[in-house]
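Subject: Handover of a structure and the findings from it

Dear colleague,

Please find below the structure that I am handing over to you. A summary of what was found in it follows.

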Amino acid sequence: MSVAVDFLKTIPYFSDLSDDFLEAIRRRVIEKAYDKGDILFLEHDACDGIYFVKAGHVKVYKTSMDGKEQVLKVMARGDSFNDVPVFDGGPNPASAEAMEPTTVYIIPKRDLLALVQENPAVAMGVIKVFGSRLRHLTMLVEDLSFRHVTSRLAKVLLEHAEGRGEGPKHRLTQQEMASMIGTAREVVGRSLKSLEEQGMIKIDGRRIVIVDRRKLAEMV
């Protein structure tokens with residue numbers, strides 16, 4: 001199934017392009033489907049192109065020598081990832097794994113570079129996306145360096161709460177939350193219990209319900 005032009009318009013790279021140029025891009029897109037737990041690519045491997053999430057969720061993460069995982073970001077519908085090695089010529093800077101059944105679109109590296117050369121609007125889209133990436137990574141460093149674990153957890157809960165933002169949310173496990181905030185699963189469990197005791201959340205089986213969004217935001 002080919003990518004729809006309307007979907008391409010939702011991607012920051014291509015939001016300012018004409019329908020004719022979007023049609024040219026559409027013909028270069030490759031679609032792939034992955035099951036939960038499938039690896040899309042690994043850190044240090046050669047880059048094959050830029051990825052866009054059509055449906056599902058993908059975690060982009062780094063792994064230490066001892067196997068510890070740090071999630072850099074969870075990608076949802078319309079998000080792009082593996083942008084950097086397309087332009088700097090280096091290997092993949094991180095790994096990517098499907099968190100649920102997921103479909104992605106891929107534009108091969110050579111095709112995206114050609115698109116940037118053909119249309120300045122694509123280059124401006126690249127600059128905007130890279131600016132957003134830099135801002136996100138700066139905030140991630142700030143969170144890991146200066147925020148308490150419970151504060152980092154509160155931020156993740158707010159960002160991934162159901163009904164916030166566009167599209168369905170992936171329900172994070174305690175291990176996934178731990179990988180996102182740079183701690184152990186057991187610490188997340190204790191922090192969740194503390195937030196529940198303070199009346200900010202309610203734990204209902206595997207579901208976490210935010211009871212007092214204002215107090216949770218104040219903690220962040």
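Two strands are said to pair if DSSP finds at least two bridges between them. Helices (H or I, at least four residues) and strands (E, at least two) are DSSP runs, numbered from the N terminus. The model is a predicted one, in which local features need pLDDT of at least 70 and side-chain atom pairs count only at pLDDT 80 or more, while totals for chains, interfaces and linings use all residues. Residues are numbered from 1 along each chain as its sequence is written, and side-chain values use heavy atoms, with hydrogens and water left out.

Sheets and hairpin

One open sheet consists of four strands in the order β2-β7-β4-β5, with antiparallel pairing. Its edge strands, β2 and β5 (69-75), each pair on one side only. From one strand to the next the twist averages 30°; axes here are lines fitted to C-alpha atoms, for helices over the stretch in contact, and angles run from 0 to 180 degrees between N-to-C directions. Within this sheet, β2 and β7 (residues 95-98) are joined in the antiparallel sense by two bridges, and F41 has A96 of β7 as its bridge partner.

Another open sheet has four strands in the order β1-β8-β3-β6, again with antiparallel pairing. At its edges stand β1 (30-34) and β6 (80-81), each with a single partner strand, so one side of each has no neighbour in the sheet. Five bridges connect β1 with β8 (residues 102-108), which pair in the antiparallel sense; E31 has Y105 of β8 as its bridge partner. Helix α4 (residues 109-118) packs on this sheet and touches β3 (49-55) and β8, its direction making about 60° with that of β8. Contact means heavy atoms within 4.5 Å.

There is also a hairpin, in which β9 (residues 201-204) and β10 (residues 207-210) run antiparallel and are joined by four bridges. K202 has V209 of β10 as its bridge partner. Two residues lie between the strands of this hairpin, where G205 takes a positive phi near 70°.

Helix packing

Helices α6 (residues 149-159) and α8 (residues 185-197) pack with their axes 10 Å apart and at an angle of about 75°. This makes α6 roughly perpendicular to α8, a term that covers angles of 65 to 115 degrees (under 35 counts as roughly parallel, over 145 as roughly antiparallel and the rest as oblique). On the α6 side the contact is made by V149, T150, L153 and L157, and on the α8 side by V187, V188, S191, L192 and L195. These residues divide into seven nonpolar, two polar and no charged (nonpolar: Ala, Val, Leu, Ile, Met, Phe, Trp, Tyr, Cys and Pro; charged: Asp, Glu, Lys and Arg; polar: the others, Gly among them).

Helix α5 (residues 120-146) contains D143, which counts as buried at 10% relative accessibility. Buried means under 20% relative accessible area, exposed over 50%, and partly exposed in between (1.4 Å probe, protein chains only). Apart from its neighbours within four places in sequence, D143 is in contact with R152 and K155.

Salt bridges

A search of the whole structure finds 14 salt bridges, a salt bridge being a side-chain nitrogen of Lys or Arg within 4 Å of a carboxyl oxygen of Asp or Glu.

One of them joins the side chains of E118 and R28 (3.4 Å, N to O). E118 lies in helix α4 and R28 in the loop between α2 (19-26) and β1, so this pair ties together parts that are 90 residues apart in sequence. Both are partly exposed, E118 with a relative accessible area of 45% and R28 with one of 22%.

K54 forms a salt bridge with E31, with the closest N and O atoms 3.8 Å apart. This pair links K54 in strand β3 to E31 in strand β1, 23 residues apart. E31 is partly exposed, with a relative accessible area of 32%.

The side chains of K62 and E43 also meet in a salt bridge (2.8 Å, N to O). K62 lies in strand β4 (residues 58-63) and E43 in the loop between β2 (39-41) and β3, 19 residues apart. K62 is partly exposed, with a relative accessible area of 34%, whereas E43 counts as buried at 15%. In addition, E23, R26 and R27 are linked in a network of salt bridges.

Yours sincerely
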